[in-house]
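Welcome! Let's get to know this structure together through a few questions and answers.

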Amino acid sequence: MQSKILLQQNFEIKGGDFINAGESSIKIRNILKDIGIDSDIIRRVAIVAYEAEMNVVMYARHGKMHLYVYSNKILLKIEDRGQGIKDIDLAMQPGYSTATEEMREMGFGAGMGLPNIKKNSDVFNINSTIREGTKLEIKINLNNKNG
Amino acid sequence: MTLDAIIKLLNAKFLVGPRDSIIDIKFAKASDLMSDVLAFSEPCSVADTILVTGLTNKQVVRTCEIAGVCAIVFVRGKNPPADTIKLAQNSKIPILVTKLKMFEACGTLYSNGIKGASSKKGK
Ligand SMILES: Nc1ncnc2c1ncn2[C@@H]1O[C@H](COP(=O)(O)OP(=O)(O)OP(=O)(O)O)[C@@H](O)[C@H]1O
Ligand SMILES: [Mg+2]
């Protein structure tokens, strides 16, 4: 279906930067608020963005997050350069985590990030190449009347 | 329940005061795992949920912003680092600190009518 792009923004994510981790996701949330997106959709997009952003911070060197808002859907693309994921099926399992002790002390490492992303997405794709990087593509439908 | 009522119940104090005195807390989550807080984040357009946690780093504040949690209680009298306070002020998320342990704080809130956030489901 033909749909108009309303907004496109890109964000840089620095691996290992726990000080600023999460800021891009907060920005995305605020952008969506400003343009009047439904609050439940905003919550889902924000959770997806935040979990993905934290994964880049924790497990990659550098990443980019791209936000595309269409009249009928929101797309998020997150690409990183880093260690990559060896076994995606395993990584997707709730509770599986390779987080370090330091990350766990900050409250991460429940192994719930990727399952949370999937749960909040209408379409979820993950691709990863070991020692190169990981790519996520998430689609969340806007259930407006003319969607 | 107002934040002032929670202050009384938990013998707590504000580290970051509320901007909005009409916050009406009905639900709580208790966790030291950020993804856990996000996993049980339910659709909510009203600010009615509080997080009870032993973690005090600034990611806790960010997680609450993302999850739509509207206030935070730090248990065990833990004082957060300055950047946590600063972020909470900027994000307008009130922070309370109580000397009570996690279990006691949750029990007190529960027995005074605050429900688990997961019971919001299906509403
Ligand atoms: N972008 C990534 N690059 C490399 N490895 C990743 C990436 N994202 C996830 N992983 C791997 O997949 C595992 C599971 O990720 P997931 O987000 O589900 O849990 P977690 O990050 O360990 O904990 P939580 O998200 O609950 O704080 C991670 O521990 C890590 O090994
Ligand atoms: Mg994660």
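Helices here are DSSP runs of H or I with at least four residues, numbered from the N terminus. Please keep in mind that this is a predicted model.

Q: Which helices of chain A each supply at least two residues of the shell around ligand 1?
A: A residue belongs to this shell if one of its heavy atoms lies within 4 Å of the ligand. The largest share of the shell, four residues, comes from H2(A). The helices of chain A that each give at least two residues are H2 (39-59) and H5 (113-120).

Q: Where does ligand 1 lie?
A: A good clue is the list of residues that come nearest to ligand 1. Of the 22 residues around the ligand, these are A:Ser97, A:Thr98, A:Gly109, A:Met112 and B:Ser35. That list names residues of both chains, and ligand 1 indeed lies between chains A and B.

Q: Which residue has a side-chain N or O atom 2.7 Å from an oxygen atom of ligand 1?
A: Let's go through some polar atoms around the ligand. A polar side-chain atom of A:Asp80 is 2.8 Å from a nitrogen atom of ligand 1, while a polar backbone atom of A:Gly113 is 3.1 Å from an oxygen atom of the ligand. The protein covers 97% of the 600 Å² of accessible area that ligand 1 has on its own. The residue with the 2.7 Å distance is B:Ser35.

Q: How many charged residues does the shell around ligand 1 have?
A: Sorting the shell by class helps here. There are 10 nonpolar and 10 polar residues. The number of charged residues is two.

Q: Which three residues supply 33% of the area that chain B buries against chain A?
A: In this interface, 18 residues of chain B are in contact with 26 residues of chain A. The area buried between the two chains is about 1,900 Å², and carbon and sulfur atoms give 54% of this area. The 33% share on the side of chain B, more than any other three residues supply, comes from B:Gln59, B:Arg62 and B:Ile66.

Q: Which residue of chain A forms a salt bridge with B:Glu65?
A: The rule finds two salt bridges across the interface of chain B and chain A. In the one with B:Glu65, the closest N and O atoms are 3.6 Å apart, and the cut-off for a salt bridge is 4 Å. The partner is A:Arg29.

Q: What supplies the largest share of the side of chain B that touches chain A?
A: Between chain B and chain A, 14 residue pairs are in polar contact. Helix H2 (34-39) and helix H3 (58-67) of chain B each supply at least two residues of the touching side. The largest share, six residues, comes from H3(B).

Technical notes:
Residues are numbered from 1 along each chain as its sequence is written. Chains are lettered from A and ligands numbered from 1 in the order in which they are written. This is a predicted model: local features need pLDDT of at least 70, side-chain atom pairs count only at pLDDT 80 or more; totals for chains, interfaces and linings use all residues. Side-chain values use heavy atoms; hydrogens and water are left out. A polar contact is a pair of N or O atoms within 3.5 Å; within protein, one must be able to donate a hydrogen and the other to accept it, and residues adjacent in sequence count only if both atoms are side-chain atoms. Accessible areas come from the Shrake-Rupley method with a 1.4 Å probe; for residues, only the protein chains shown count as cover. Ala, Val, Leu, Ile, Met, Phe, Trp, Tyr, Cys and Pro count as nonpolar, Asp, Glu, Lys and Arg as charged, and the others, Gly among them, as polar. Contact means heavy atoms within 4.5 Å. Buried area is the accessible area (1.4 Å probe) that two parts lose on being put together, summed over both. A salt bridge is a side-chain nitrogen of Lys or Arg within 4 Å of a carboxyl oxygen of Asp or Glu.
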